[in-house]
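Notebook open, coffee in hand. I want to look up how this chain is packed and which charged side chains pair up.

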Amino acid sequence: MTTQQNKKYEYRTADLAAADIDTGLNVTGYAAVFDAPTTVYHDDETGIDFKEVIDKGAFDSCDFSKCVFRYNHDDSYLALATVHNNTLRLIVDEKGLRVDAELADTTAGRDIFALIKRGDICKMSYAYAVKEDYYDEPTHTRHIKAISAVIDVSAVDQPAYDATSLDIVKRSLKELHEEQERRAREKARISILSLY
């Protein structure tokens, strides 16, 4: 994993998968995975690997409202899906930050989807602003405790986090609907259990 900074935003990479649901250009996966230390820098002189990890709870008060789906974080590239029109959905679960996107049926959207489907693009990255972090000296690990905003999630060809992937999974609308219903039931069950 490498660290990039552009003004106040940092960029990291994580899993992304794509689902070709009938005629839609749907992608799904993880932009961030919790508790997965990744080397961001190796110091050849000292032999030390400097790592970073996203702690569970880092997205608890995060603002996703302006987030868009892009290719390689390129601002000049058209937004392929957005949170504000619900073509981009960001869900925090036990694993991390899940991305479900319905790419625009444009030349760019179809091209990116075709490259994902073929496996040429198999990684994902996200741009975010850190609200709170700390450095653990003994393990040389930066812990991201809180993220204030995520401004984009991107399909990328050169990821920062090697543990990420982008897969195409063919699923029917019925299977997707059943999965969404299962998640809703599980969320309701957890809410009920938390009352006791």
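Before I start on the core, a reminder to myself: a nonpolar core here is a set of buried Ala, Val, Leu, Ile, Met, Phe, Trp, Tyr and Cys residues joined through side-chain atoms within 4.5 Å. I also keep in mind that this is a predicted model.

**Entry: the core**

I looked up the largest nonpolar core, and it holds 34 residues. Phe59, Phe69, Tyr126, Val150 and Val153 are the ones with the most contacts inside it. Next I asked which elements each supply at least two residues of this core. My list reads β4 (26-33), β7 (68-71), β9 (88-92), β10 (96-102), α1 (107-118), β11 (123-136) and β12 (141-156). The largest share comes from β12, with 5 residues.

**Entry: the chain as a whole**

I noted 2 helices and 13 strands in the chain. Of its 196 residues, 45% are buried. Then I checked contacts between residues at least 6 apart in sequence, and 65% of them join residues at least 24 apart. The exposed surface comes to about 10,800 Å², and carbon and sulfur atoms supply 51% of that.

**Entry: salt bridges**

Side chains of opposite charge can pair when their charged atoms come close. How many salt bridges does a search of the whole structure find? I got 8, and I wrote up some of them.

Asp75 and Arg70 meet through their side chains, at 3.8 Å from N to O. Are these two buried or exposed? Asp75 has a relative accessible area of 61%, so I put it down as exposed. Arg70 is at 15%, and because buried means under 20%, Arg70 counts as buried.

Arg118 and Asp120 form another salt bridge, with 2.5 Å between N and O. Arg118 is exposed at 66% relative accessibility, while Asp120 is partly exposed at 39%.

For Lys145 and Glu132, I read 3.7 Å from N to O in their salt bridge. Lys145 lies in strand β12 and Glu132 in strand β11, so this pair ties together parts that are 13 residues apart in sequence. Both strands were already on my core list. As for exposure, Lys145 is partly exposed with a relative accessible area of 37%, and Glu132 is partly exposed too, with 40%.

I also found a network of salt bridges, which links Glu52, Asp133 and Arg142.

**Entry: Thr82**

I picked one residue to follow in detail. Where does Thr82 lie? I found Thr82 in strand β8, which covers residues 81-82. Is Thr82 buried or exposed? Its relative accessible area is 11%, so Thr82 goes down as buried.

I then looked for what Thr82 touches, not counting residues up to four places away in sequence, and got Cys67, Val68, Thr87 and Leu88. The C-alpha atoms of Thr82 and Phe69 are separated by 6.2 Å, though the two residues are 13 apart along the chain. Phe69 was already in my notes as one of the core residues with the most contacts.

Last, I checked polar contacts made by the Thr82 side chain. One of 3.4 Å joins it to the side chain of His84. Another, of 2.7 Å, joins the side chains of Thr82 and Asn85.

Definitions and conventions:
Residues numbered from 1 in each chain as written. Predicted model: local features only at pLDDT ≥ 70, side-chain atom pairs only at ≥ 80, totals over all residues. Heavy atoms only, no water. Buried < 20%, exposed > 50% of the residue type's maximum accessible area, 1.4 Å probe, protein only. Helix = DSSP H or I, 4+ residues; strand = E, 2+ residues; numbered from the N terminus. Contact = heavy atoms within 4.5 Å. Areas by Shrake-Rupley, 256 points an atom, 1.4 Å probe, with all protein chains shown as cover. Salt bridge = Lys/Arg side-chain N within 4 Å of Asp/Glu carboxyl O. Polar contact = N/O pair within 3.5 Å; in protein donor to acceptor, adjacent residues only side chain to side chain.
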